[in-house]
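Trainee: Could you take me closely through the ligand site of this structure, with the cut-offs behind each term?

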Amino acid sequence: MTVTHPQGVVTSYAPTAHEVVAALSRGRGGDAAGAIIAMADLATRLSESEATILVGALSDVAAEFTRFYADWICAQEAAEVQAVLAYGPRPGLNYRDVVGHAGATHYDRVADMLTHVDFSNCARFVLVGAGELPSTALHVHDRTGVAHIACLDTRLEAVRSVETLAAWLNSDRLSALHFDGAQYDYSDADVIFVANMVTPKQVVLARILDTAPHHVRIILRDPYSLGLLWAEEGGAALDPRLSIIARGAGSRFLSRDLFLARHASN
Ligand SMILES: C[S@@+](CC[C@H](N)C(=O)[O-])C[C@H]1O[C@@H](n2cnc3c(N)ncnc32)[C@H](O)[C@@H]1O
């Protein structure tokens with residue numbers, strides 16, 4: 001049964017339609033966080049196939065949910081960085097010691113990197129899509145001895161924020177680069193993490209495969225369920241030169257790590 005509702009939303013499941021319309025109205029009314037939280041809550045009550053059908057039915061408004069998510073995450077990260085910087089730097093103080101709840105959740109959610117990837121031989125880690133608060137890079141910074149941790153972002157304000165954080169940490173291991181991951185040269189990278197909000201993911205993955213050394217390990221943060229409304233899926237039509245060797249745990253806002261490996265023949 002399909003239902004056409006105000007704002008032109010067409011869904012197969014009447015019960016969800018009101019929730020979707022309410023979430024959209026929250027986002028359009030300026031409450032980006034509320035819109036995403038409402039949809040993430042809705043996802044907990046849907047089966048995988050129901051979520052897939054709903055994502056298909058909402059293709060016309062997916063761009064709005066993508067904007068709500070990006071606005072919310074970037075604003076949240078910028079606020080978290082200010083809170084961290086309010087702590088005067090002290091020797092031995094780790095980022096994880098002072099970060100707020102949201103930053104801690106982001107930081108902890110990539111802990112499975114250390115389970116699936118051996119960082120002992122990693123000289124250079126690259127985070128594509130660092131944001132104002134590169135939690136993934138800070139996790140590697142705190143928990144491994146990787147000497148060079150490069151944070152790429154297309155937004156200058158994110159790059160400036162990472163530079164400020166590196167100074168706060170008094171670290172020369174963390175660097176920020178104003179770069180599009182689709183144009184970066186990965187020839188000296190050992191481990192690469194592509195953030196969930198990165199676009200276009202397929203082009204970035206192809207660039208990695210064209211320039212990175214053969215031994216490179218790639219971690220792709222990918223959306224699932226209703227998370228496909230606000231982030232691009234890279235794991236579906238994966239480059240034939242790659243395969244998924246492990247999937248990390250799911251998360252509150254419906255993304256998870258995909259651990260990729262290059263086919264031996266490529
Ligand atoms: C908000 S962050 C979230 C990642 C999170 N901070 C982390 O540590 O995993 C995502 C960032 O990806 C950036 N981005 C999106 N596409 C990109 C691309 N093709 N190359 C580089 N950065 C990109 C956006 O500007 C945004 O700042």
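Mentor: By class, the shell around the ligand is made of nine nonpolar, seven polar and four charged residues, where Ala, Val, Leu, Ile, Met, Phe, Trp, Tyr, Cys and Pro count as nonpolar, Asp, Glu, Lys and Arg as charged, and the others, Gly among them, as polar. The model is a predicted one, in which local features need pLDDT of at least 70 and side-chain atom pairs count only at pLDDT 80 or more, while totals for chains, interfaces and linings use all residues. Residues are numbered from 1 along each chain as its sequence is written, and side-chain values use heavy atoms, with hydrogens and water left out.

The shell holds 20 residues, the closest being Glu77, Ala130, Thr136, Asp153 and Arg155; a residue is near the ligand if one of its heavy atoms lies within 4 Å of it. Two helices, α4 (62-85) and α8 (135-143), each supply at least two residues of this shell, with helices (H or I, at least four residues) and strands (E, at least two) taken as DSSP runs numbered from the N terminus.

Several polar contacts can be named, each a pair of N or O atoms within 3.5 Å; within protein, one must be able to donate a hydrogen and the other to accept it, and residues adjacent in sequence count only if both atoms are side-chain atoms. Asp153 places a polar side-chain atom 2.7 Å from an oxygen atom of the ligand, whereas for Ser135 a backbone N or O atom lies 3.0 Å from a ligand oxygen atom. An N or O atom in the side chain of Asp180 is 3.0 Å from a nitrogen atom of the ligand. Taken alone, the ligand exposes 600 Å², and the protein buries 95% of that, the accessible areas coming from the Shrake-Rupley method with a 1.4 Å probe and, for residues, only the protein chains shown counting as cover.

The ligand occupies the space of the largest pocket, in the sense that a molecule sits in a cavity or pocket if more than half of its atoms lie within 2 Å of its grid points. On a 1 Å grid over the protein atoms alone, a cavity is a set of points where a 1.4 Å probe fits but cannot get out, and a pocket is an open set with protein on both sides within 12 Å along at least five of seven lines, lining residues having an atom within 4 Å of a point. This pocket contains about 530 Å³ of space, a volume being the space filled by probe spheres set on the points, which are joined across faces, edges and corners.

Its lining has 31 residues, and those nearest the centre are Gly129, Asp153, Ala195, Met197 and Val198. Two or more lining residues come from each of α4, β3 (124-128), α8 and β4 (148-153), and α4 gives the most, with four residues. Divided by class, the lining has 16 nonpolar, nine polar and six charged residues. Asp153 therefore deserves a second look in the viewer, as a residue listed among the closest to the ligand and among those nearest the pocket centre.
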